[in-house]
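Let's take a walk through this model, starting with one lysine and working outwards to the charged pairs and the chain as a whole.

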Amino acid sequence: MASLRLPAQLVTRGTLNYHNSSSSAAPSVSLSWRRSLTPDNSFPNLPSSSPLSRKPSTVVPVTCSAAAVNLAPGTPVRPTSILVVGATGTLGRQIVRRALDEGYDVRCLVRPRPAPADFLRDWGATVVNADLSKPETIPATLVGVHTVIDCATGRPEEPIKTVDWEGKVALIQCAKAMGIQKYVFYSIHNCDKHPEVPLMEIKYCTEKFLQESGLNHITIRLCGFMQGLIGQYAVPILEEKSVWGTDAPTRVAYMDTQDIARLTLIALRNEKVNGKLLTFAGPRAWTTQEVITLCERLAGQDANVTTVPVSVLRVTRQLTRFFQWTNDVADRLAFTEVLSSDTVFSVPMTETNSLLGVDQKDLVTLEKYLQDYFSNILKKLKDLKAQSKQSDIYF
C-alpha cells in the first residue's frame with residue numbers, strides 16, 4: 001500500500017512551514033510534517049503580538065496515521081456521506097439533524113467524553129471519537145467520507161490556537177491527503193478587518209490556508225446565533241437575575257442555527273457555490289440594548305441590567321496580558337476592540353439568497369424566535385407552577 005504524501009502547496013504555503021518526512025516505501029497510509037509558526041508575506045498585517053506571529057523555541061513534529069485502507073484513485077465514495085466536526089455544539093447539532101432529515105449518512109466527530117453524545121446516535125448518526133488537538137486521531141474518521149462540515153471551535157478553558165488553528169490545519173491537511181471531495185468551513189463576519197482579535201485573525205488565516213490547500217471548499221462567515229441569546233438574556237430576565245451588557249454601539253444580525261443548517265445543505269448541493277465565500281446574516285442587526293428591551297417586552301418584566309463600559313473591559317484586557325497564565329483571558333477579551341469600533345455584523349442577503357434560491361421571508365426573525373421561546377416557557381411555567389427551573393429548558 002503506497003503512502004500518501006502531502007501536496008506540495010501544503011508543504012510551503014500559508015503562515016505555517018511544512019516539511020514532509022513520510023517515506024514513499026511505507027506499508028500503510030501515513031502523513032508526517034513538521035510545523036513552526038512564522039509570519040510570512042502572505043499575511044503582512046499580523047501584529048507582533050499575534051498568536052500566528054510567535055515562533056516557538058522548538059519545532060514540534062506531528063504525525064498522522066491511519067490504518068491501511070483502499071484509498072486508490074477512483075475509489076467511489078457516496079456523495080451523501082458527510083462528517084460533521086463539532087457535532088455537539090450549538091450549530092453542529094442543527095447541521096446533524098438537518099442532514100439526517102434530508103437523507104444524508106452522517107458521521108459525527110466528537111471528543112472522548114465522560115458523558116457520551118447519545119442524542120446523536122438516537123437521531124441516527126454514527127459517532128466517532130477523535131480530538132483535533134491530537135492529529136493522529138483524525139485520519140481514521142475520514143475514511144469513506146465525501147464531505148467534511150467543520151463546526152468545531154475550542155472550549156473556553158483552552159488556548160485559542162490549540163483547536164482553532166493547529167487543530168484545523170491538521171484537519172485540512174488530512175482531508176486533502178485522504179481525498180475528501182468537499183470541505184465546509186465556518187468563519188466570522190469581518191474577521192479580515194480585525195487582526196487585533198486572535199480568534200478573528202485565526203479564522204481569517206484558516207480561510208486563506210483552506211483556499212490554498214486545493215480542497216474543493218465553501219467558506220461561510222457567520223454574524224451571530226439567536227440561540228446564544230437565550231442563556232445570555234432570556235433566562236436571566238425570567239429568573240430575575242442580573243443581565244450583563246455593554247454600552248457598545250455594535251450591531252449584530254443574529255440568525256437561527258436551524259436556518260444556517262438549512263442554507264448550508266442547500267449550498268452543499270449547489271455546484272455554483274464551490275470555492276465561494278458566503279456570509280449568512282439575519283434579517284436585522286440588533287444592539288445589546290435592543291435585544292434586552294425585546295426580551296423585557298416578551299417576558300412581561302423588567303431586566304436587572306448591569307452595564308459594563310467597554311473602556312473597563314479594554315483596561316482589563318491590558319492587565320491580563322502582563323501574565324502568562326492570563327493570556328487566554330486577554331485573547332478572549334480582545335473582542336472589546338470590536339465592540340468599541342461601532343462595527344455592524346450584518347450584510348445584505350439578497351445576492352446569497354438568489355444564488356441559493358432562498359426567500360428572505362423564510363428566514364426566522366429574532367422577534368419570532370424569542371416570541372416562540374417565551375410563549376413556550378411561560379406556558380410551561382404556568383402548567384408546572386414553577387418559578388426557577390426554566391434555566392434547563394431550551395426551545
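Lys168 sits in helix H5, which spans residues 160–177. Keep in mind that this is a predicted model. Is Lys168 buried or exposed? Its relative accessible area is just 1%, and since anything under 20% counts as buried, Lys168 is buried. Its side chain has a polar partner there: the side chain of Asp150, at 3.2 Å. Leaving aside residues up to four places away in sequence, Lys168 also touches others, including Leu132, Val163, Phe185 and Lys203.

On to the salt bridges, of which the structure holds 15. One of them pairs Glu102 with Arg98 at 2.8 Å, N to O. Both ends are partly exposed, Glu102 at 28% relative accessibility and Arg98 at 31%.

Another links Asp192 to Arg221 at 3.1 Å. Asp192 lies in the loop between strand S8 and helix H6, while Arg221 is in strand S9, so this pair ties together parts 29 residues apart in sequence. Here Asp192 is partly exposed at 36%, whereas Arg221 is buried at 8%.

Then there's Glu367 with Arg284, at 3.9 Å. Glu367 belongs to helix H14 and Arg284 to the loop between strand S12 and helix H9, so the bridge spans 83 residues of sequence. Shared partners join these two with Arg251 and Glu290 in one salt-bridge network.

Now zoom out. The chain has 14 helices and 14 strands, and 50% of its 395 residues are buried. Among contacts between residues at least 6 apart in sequence, 74% join residues at least 24 apart.

Conventions: Residues are numbered from 1 along each chain as its sequence is written. This is a predicted model: local features need pLDDT of at least 70, side-chain atom pairs count only at pLDDT 80 or more; totals for chains, interfaces and linings use all residues. Side-chain values use heavy atoms; hydrogens and water are left out. Helices (H or I, at least four residues) and strands (E, at least two) are DSSP runs, numbered from the N terminus. Buried means under 20% relative accessible area, exposed over 50%, partly exposed in between (1.4 Å probe, protein chains only). Contact means heavy atoms within 4.5 Å. A polar contact is a pair of N or O atoms within 3.5 Å; within protein, one must be able to donate a hydrogen and the other to accept it, and residues adjacent in sequence count only if both atoms are side-chain atoms. A salt bridge is a side-chain nitrogen of Lys or Arg within 4 Å of a carboxyl oxygen of Asp or Glu.
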